[in-house]
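Visitor: Could you take me through one part of this protein at close range? I would like to see how a sheet is put together and what packs against it.

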Amino acid sequence: MNSPAGNLPPGAAPGDDAAAANPLLDPSEPFAYDAVRPEHITPAVERLLADCRAAVAAVVEAREPATWSNVVEPLEAACERLSHAWGAVSHLNAVVDTPQLRAEFNANLPRITAFWTALSQNVALYGRYRALAGGPDFAAWSPARRRVVDNELRDFRLGGAELDAAAKERMASIRERQAQLSTRFAENVLDATNAFALHVAPRDEAILAGIPDDVRAMYREAAAANGKDGSQVSLHLPSYMPLMQYAHDRGLREKLYHAYAIRASELGPTSWDNSAVMVELLQLRDEQARLLGYPNYAELSLVPKMATSSAEVLRFLRDLGARARPHAQRDIAELRGFAAAELGIADLQPWDIAYASEKLRQSRYAYSEQEVKSYFPATRVLDGLFRVIEALFGVRFAATAAPTWHPDVRHYRVATRDRDATVGHFYLDLFARDHKRGGAWMDVGRIRRRVGAGIETPVTLVTCNFSPPVGGRDAFLTHNEVLTLFHEFGHGLHHLLTQVDESQVAGIRGVEWDAVELPSQFLENFAWEWDVLQLLGRRPDDAAPLPRALYDRMRAARNFQSGMQMVRQLEFALFDMLAHSLPDEQRRSAADLVALAARVRDEVAVVFPPAYHRGAHGFSHIFAGGYAAGYYSYKWAEVLSADCYAAFEEGNAVLDATRGGRFRAEILEVGGSRPAIDSFVAFRGRPPQIDALLRHSGMTT
Ligand SMILES: [Zn+2]
């Protein structure tokens, strides 16, 4: 819905020419993604920043006693407009990267960062919030409003509001530099990934033997798009992974593995080397922590999280590691034996792991990813997913026309099943393409909030990088991609189904980082159920449903190498937590970090890459995403999500509307308006237990 006229923010006055000409100044849905031009960015940012500063000035200069409506509401109105516009710019920068857009993004990023930093250090504003918290009726406020204020007070403190002037200034420059470095890190990874292309001339295509036809077709389309004959392989995952899984040619696999492993490191072109970037980032994070009185960045990072200390997190990870490693050792020993006996590979190397694993999986469970994939055309999977969501949570997705940033993108109106009331809107950008950042993620388009008498409904953006349709046919998803889709929809629903009116704790806002993956990992479980896969899986050519025998083999294979997968995640999580908490002298250089990665592997891993491997240089989660000293949260939240899902397993059917309704009410709708542990206990009736995760992972013996 549009903002009611009486509540238009300062940046969008009626009849305002600037607003009319600049789509970034109009947050109404559907947002004009197709109309945003690089030249809109700077004027919009200037205008919205000016509005935000004016709102802040009005709040701190007011003489009346602080109230919700004269402090929180006007700030929220102005800041949400800025967040919305900048969110759109960041999103476009990630999914339709052009040199002009990137330049404008980078030119404006420091001003945005500087504004948020200044806001978080504004002593007068801090005073207004303290006055709110100390007010006579604060205790009678709703828990959501009290939580907004409590979170603000915490964030003011963590933002440096209590620091002296010199320290404040230093904090501001640290944060500005951190934002630049993180952007640079992601750009280096993307550029280094884009720079590699293996062109295979038609006469040499025998080297691609073993790779499935649809992947080969994709390679040929990639070459044709560059005006070449033959095939072209890139380091983007949909191109890279199938080669590693299927190519018989061991030398080819090693070559690609090497190219992937050294991306953005000192072993490639200097211009994309992340060595100095990550070291400086770690140093700045530490300095930031010490300025605020914490011994290191890990402890600072954990303040707003569910876990209480790095020691608690390390204990959790090492406990899981001790349980998982024997399973991982069994997995790798079995793979070695199989590779030696069946594949003639006596010395299993890292570039053989995916290949040998796929062969072992086929030999043991007699099915391939490719066979499964033929039952999962993207359109049907989506329809099935919508039916699952409708059955569990009582909301419907209806495709609608709206301007988007690319013809592949779909737009949906989401409404309640019983009354057809609009809940929000949803954008879905499914397929990989050039100049789109890799991976899968959910972005907030617009947050739910009360505006006057009405509600501004939430807008969610889900991005994936699945293999695009080839030759005019529907695209096909691997079962892993189906899981990814469910995962991102879990995040999307958390944002979309919130019933909280206070934008700072609505949806995923205000949810502790280490609990944020609960709804996403929870929803993944459904994509393993027979009833659900019947809705999703049907071969388009002959309308054959996913056969039961194939499903049984998939289930049996579900925990194939689950020990190896678990220790791999623990390896990343331990590296992250130690990189942010070890004494300085153990992480002064990129070489120190490479050495740390090796030590962590000695502790927990069962696969040991060659000395040239530079995983840290491409570890965007912790250097360019929000997961610094937070990667453990995937496993942490998995304990919560597995335990919640176990409640559905305890019933007669997993698509249970009653349990779904309770999950919606106690977890999804309340969002960040109360601590995650309270939401968990409200749904489950007791504190979390680790048993369901171990059982789901086949680690009960
Ligand atoms: Zn996630």
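Guide: Happily! A word on naming comes before we start: helices and strands here are DSSP runs, a helix having at least four residues and a strand at least two, and they are numbered from the N terminus. Please keep in mind that this is a predicted model.

Our part is an open sheet of 5 strands, ordered S3-S4-S5-S9-S6, with mixed pairing. Its edge strands are S3 (395-400) and S6, each of which pairs on one side only. From one strand to the next, the twist averages 25°.

Let us walk across the sheet from the S3 edge. S3 and S4 (residues 410-416) run antiparallel and are joined by 6 bridges. Within this pair, valine 395 of S3 stands opposite threonine 416 in S4.

Further along the order comes S5, followed by S9. S5 (residues 422-431) pairs with S9 in the parallel sense, over 6 bridges. Here leucine 428 has valine 462 of S9 as its bridge partner. On the other flank, S6 (residues 441-446) pairs with S9 in the antiparallel sense, and this time there are 5 bridges. Valine 444 finds its bridge partner in S9 at threonine 460.

S9 deserves a longer stop. Buried means under 20% relative accessible area, and 8 of the 8 residues of S9 (residues 459-466) are buried, so the strand is largely enclosed by the rest of the structure. Its side chains split into two sets: Val459, Leu461, Thr463 and Asn465 point one way, while Thr460, Val462, Cys464 and Phe466 point the other way, and all are buried. Val462, the partner of leucine 428, and Thr460, the partner of valine 444, both belong to the second set.

Now for what lies against the sheet. Helix H16 lies across S3, S4 and S5, and runs at about 145° to S3. H16 covers residues 378-393, 16 residues in total, and reaches 22 Å from its first C-alpha to its last, close to the 22 Å expected at 1.5 Å a residue. Many of its positions are given over to burial: Ala378, Val381, Leu382, Gly384, Leu385, Phe386, Val388, Ile389, Glu390, Leu392 and Phe393 are buried. An α-helix has 3.6 residues a turn, so residues three or four places apart point the same way. You can follow such spacing in the model through Ala378, Val381, Leu385, Val388 and Leu392, which are among the buried residues of H16.

The link from helix to sheet is worth a look too. Just after H16, glycine 394 takes a positive phi of about 70°. S3 then starts at residue 395, where valine 395 faces threonine 416 in S4.

Finally, let us visit the loop between S5 and S6, where histidine 435 has its place. Partly exposed lies between under 20% and over 50%, so histidine 435, at 45% relative accessibility, counts as partly exposed. Leaving aside its neighbours within four places in sequence, histidine 435 is in contact with Ala94, Val95, Val96 and Asp97. Another link across the sequence shows up with leucine 190: its C-alpha atom and that of histidine 435 are separated by 8.5 Å, though the two residues are 245 residues apart along the chain.

To gather the picture: S9 sits between S5 and S6 in the order of the sheet, with parallel pairing to S5 and antiparallel pairing to S6, while H16 lies across S3, S4 and S5.

Methods. Residues are numbered from 1 along each chain as its sequence is written. This is a predicted model: local features need pLDDT of at least 70, side-chain atom pairs count only at pLDDT 80 or more; totals for chains, interfaces and linings use all residues. Side-chain values use heavy atoms; hydrogens and water are left out. The expected span of a helix is 1.5 Å times one less than its number of residues. Buried means under 20% relative accessible area, exposed over 50%, partly exposed in between (1.4 Å probe, protein chains only). Two strands pair if DSSP finds at least two bridges between them. Contact means heavy atoms within 4.5 Å. Axes are lines fitted to C-alpha atoms, for helices over the stretch in contact, and angles run from 0 to 180 degrees between N-to-C directions.
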